[in-house]
Amino acid sequence: MPEAVAFPGLKDHQGLYKVSVEQGDAFWGALGRSRLLWISPFHAVQDCNLQQGRVSWFLGGQLNVAVNCLDRHVHTAPNKVALIWEKDEPGTEVRITYRELLEMTCRLGNTLKRQGVKKGDRVTIYMPPCPLAVTSMLACARIGAIHTVVFAGFSADALADRIQDAQSETVITVNQGLRGGKVVELKRTVDQAVKQCPLVKRVLVSMRTEQKVPMSELDVPLEEEIMKEDVFCDPVAMESEDLLFLLYTSGSTGKPKGLVHSQAGYLLYAAVTHKYVFDYHDGDVFGCVADIGWITGHSYVVYGPLCNGSTTVLFESTPVYPNPGRYWETVARLRINQFYGAPTAIRLLLRYGDEWVKKHDRSSLKILGSVGEPINREAWEWYFNVVGETRCPVVDTWWQTETGGVCIAPRPSNPDDEILPGMAMRPFFGIRPALLDDKGKVLMQNDVSGALCIAQAWPGMARTIYKDEKRFLETYLMPYPGFFFTGDGAYRTSQGYYQLTGRLDDVINVSGHRLGTAEVEDVVNQHRAVAESAVIGYPHEIKGEGVYVFVVLKKGSNLAQESLVSELRELISEKIAKYAAPEYVQVTRRLPKTRSGKIMRRVLKKIVENKEDELGDLTTLDDHETVEEIIEGQKHLLHGEQSR
């Protein structure tokens, strides 16, 4: 482990981890100096106090993120491939070298400046995964503008909310997107959004397809303007704590939060986690299939890999286009070494059986990653045994938009250390997890569950909520003073490993027993007929809360409802406890999901509580018909129960 060079005498992971949490200044200082290129060196590693809400890293230092991701690699390997754009149609990928990406970034940086964009201005990017989207992010970083990428599946209203909150005067988009063989009218969505945003002065439009779209007086044809500009753009010296980007994330209540990430700490943490969690080596092809509209795309498609000089894949399509073998055909064709995907996609592909995987050569794979939610055991085992042929470690990563990068994962660790199915296990360097009880007391023992908090600051953490410091403090730092509160629950095993049990608002209290919905879902998903599930607590007049299970059956399953219910009750009673057995099991064609694939459990909870008129903001919902079907199905199920 190269970092051990900075700490002579340390030969193992445990020793290095101990230094990282006990001597944070020495550890992060050495990493900051060795892994980032500085315009002016920092004079202090950190000034952090979670009790007071003060977090600053690499004080006095100045750098430019785009220089760290591009220029320094162009000096050493200009023709190395930086991006492989895996377009919607298989076999049409485009490769872009570090030199080409730098030239595009400089041209776009100059274009933005000519259009009036200045240091500190917010620029909203509403684009699918494509080289110009990455270029837009890096061009903002180069000239000191703050980018806010909005996932290109959001509605016009959701986009408008984010543009207005960020007070963006500039939007960058494409005429149309292509996804799963379908055309997505992105420019039309932007036009609708901008009508609600009087602050917007310009919309830069790139041509993803040949189709001409109506242009307004605000619109600027991006490709035309870029080609008028010089291939050199002077990088702006940015303070370590200047804003790099805003990224909006939904809270359990209220409007989306514009989380703020700063320059140096975020970039260092993204790069270091990319290298060690995924065992990245020079020459590897890193394949994270997340959209750039989410933090996973920011940290592990763009900033982490490019800071490390990697070749990174930009995936534009879907897991099932043109068939359920798409991921594995892409792995074979691009010779991907690390594959990083979401449990929701793994569960979807599992339904289609093994043949779609086995017909493609996956010998290039070295590491399989999982992100977004805890991965259930059945999906983990299929991923490990079938996709990875039992030779690729599965790194189940826990982290959040708020953390900037992976915080708990099975790797890094000593090479022969075990990896347990469906468990994030080990804290990353510099991360000190703590479990706290309902009264705010730190639980020191093992074999215990509690609220997952982090006991000291780390470089990648979000600094605030844009224009709402009070909400940031109330959400993350005030619930447990002196700790960063993640909002998740976790179980620490007898061996000291961490297993995520789901959001704390996803805990059911059945007859005084605390029950994590993720725990129940894990068991339900082990049933031979179940492809996917969601578990909700609902008010129960005797037990306080009862368990309500939604299931999606595997294709071709014809198990009778009564058999399914009795088998699931028996399985849950056996695997967890009798009190965990569900009162209701509702079979549905699909679960309501956000466009990024997360199950909208709050919607299911409102349906189960018969509050269909209180479903709240559904702008991120992928398929509105699903909700109607579930409401009807629930009424049918309850009527059937009552008529017995």
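In the predicted model, a positive phi of about 85 degrees is taken by Gly144, which comes just after helix H5. The helix that precedes this glycine, H5, covers residues 131-143, and its 13 residues reach 18 Å from the first C-alpha to the last, close to the 18 Å expected at 1.5 Å a residue. H5 is mostly covered, with 13 of its 13 residues counted as buried.

Positive phi values also occur in residues other than glycine. For Asp279, phi is near 50 degrees, and this residue is placed in the loop between helix H9 (264-277) and strand S16 (285-288). With a relative accessible area of 40%, Asp279 is partly exposed. Thr390, likewise a residue other than glycine, has a positive phi near 65 degrees; its position is in the loop between helix H14 (377-387) and strand S20, and its relative accessible area of 47% makes Thr390 partly exposed.

Cis peptide bonds were found before two prolines described here. The bond that leads from Tyr321 to Pro322 is cis, with omega near -5 degrees, and Pro322 belongs to the loop that runs between strand S17 (311-315) and helix H11 (326-334). The bond from Arg411 to Pro412 is cis as well, with omega near 10 degrees, and Pro412 sits in the loop between strand S20 (394-396) and strand S21.

Two helical residues were examined for their surroundings. Thr111 is part of helix H4, which spans residues 98-114, and it counts as buried because its relative accessibility is 2%, under the 20% cut-off. A polar atom of the Thr111 side chain lies 2.8 Å from the backbone oxygen of Arg107. When residues up to four places away in sequence are not counted, Thr111 touches Leu204, Glu225, Ile226 and Glu229. Between the C-alpha atoms of Thr111 and Glu241, which are 130 residues apart along the chain, the separation is 26 Å.

Ala193, in turn, lies in helix H7, formed by residues 186-194. A relative accessible area of 0% places Ala193 among the buried residues, and its contacts, once neighbours within four places in sequence are left aside, are with Ala156, Leu159 and Ala160. The C-alpha atoms of Ala193 and Pro415 are separated by 51 Å, the two residues being 222 places apart along the chain.

A buried loop residue was also considered. His527 is located in the loop between helix H16 (517-524) and strand S28 (530-540), yet it has a relative accessible area of 4% and is therefore buried. The side chain of His527 reaches the backbone nitrogen of Ala529 at 3.0 Å. Apart from neighbours within four places in sequence, the residues in contact with His527 are Leu559, Leu564, Glu567, Leu568 and Leu571.

The analysis of internal space gave a count of one cavity of 30 Å³ or more. The largest cavity holds about 40 Å³ of space, and its lining is made up of Val149, Val150, Phe151, Phe154, Arg162, Tyr248, Gly293 and Trp294. By class, this lining comprises six nonpolar residues, one polar residue and one charged residue; under the classification applied, Gly counts as polar and Arg as charged, so that Gly293 and Arg162 account for the polar and the charged members of the lining, respectively.

Among the open sites, the second largest pocket has a volume of about 520 Å³. It is lined by 22 residues, of which Tyr17, Pro427, Pro433, Gly496 and Tyr498 are the closest to its centre. At least two residues of this lining are supplied by helix H1 (13-22), and at least two by strand S21 (433-436). In terms of class, the lining of the second largest pocket contains 13 nonpolar, five polar and four charged residues.

Notes:
Residues numbered from 1 in each chain as written. Predicted model: local features only at pLDDT ≥ 70, side-chain atom pairs only at ≥ 80, totals over all residues. Heavy atoms only, no water. Helix = DSSP H or I, 4+ residues; strand = E, 2+ residues; numbered from the N terminus. Expected span 1.5 Å × (residues − 1). Buried < 20%, exposed > 50% of the residue type's maximum accessible area, 1.4 Å probe, protein only. Polar contact = N/O pair within 3.5 Å; in protein donor to acceptor, adjacent residues only side chain to side chain. Contact = heavy atoms within 4.5 Å. 1 Å grid on protein atoms, 1.4 Å probe; cavity = no way out; pocket = protein on both sides within 12 Å on 5 of 7 lines; lining within 4 Å. Points joined across faces, edges and corners; volume = space filled by probe spheres on them.
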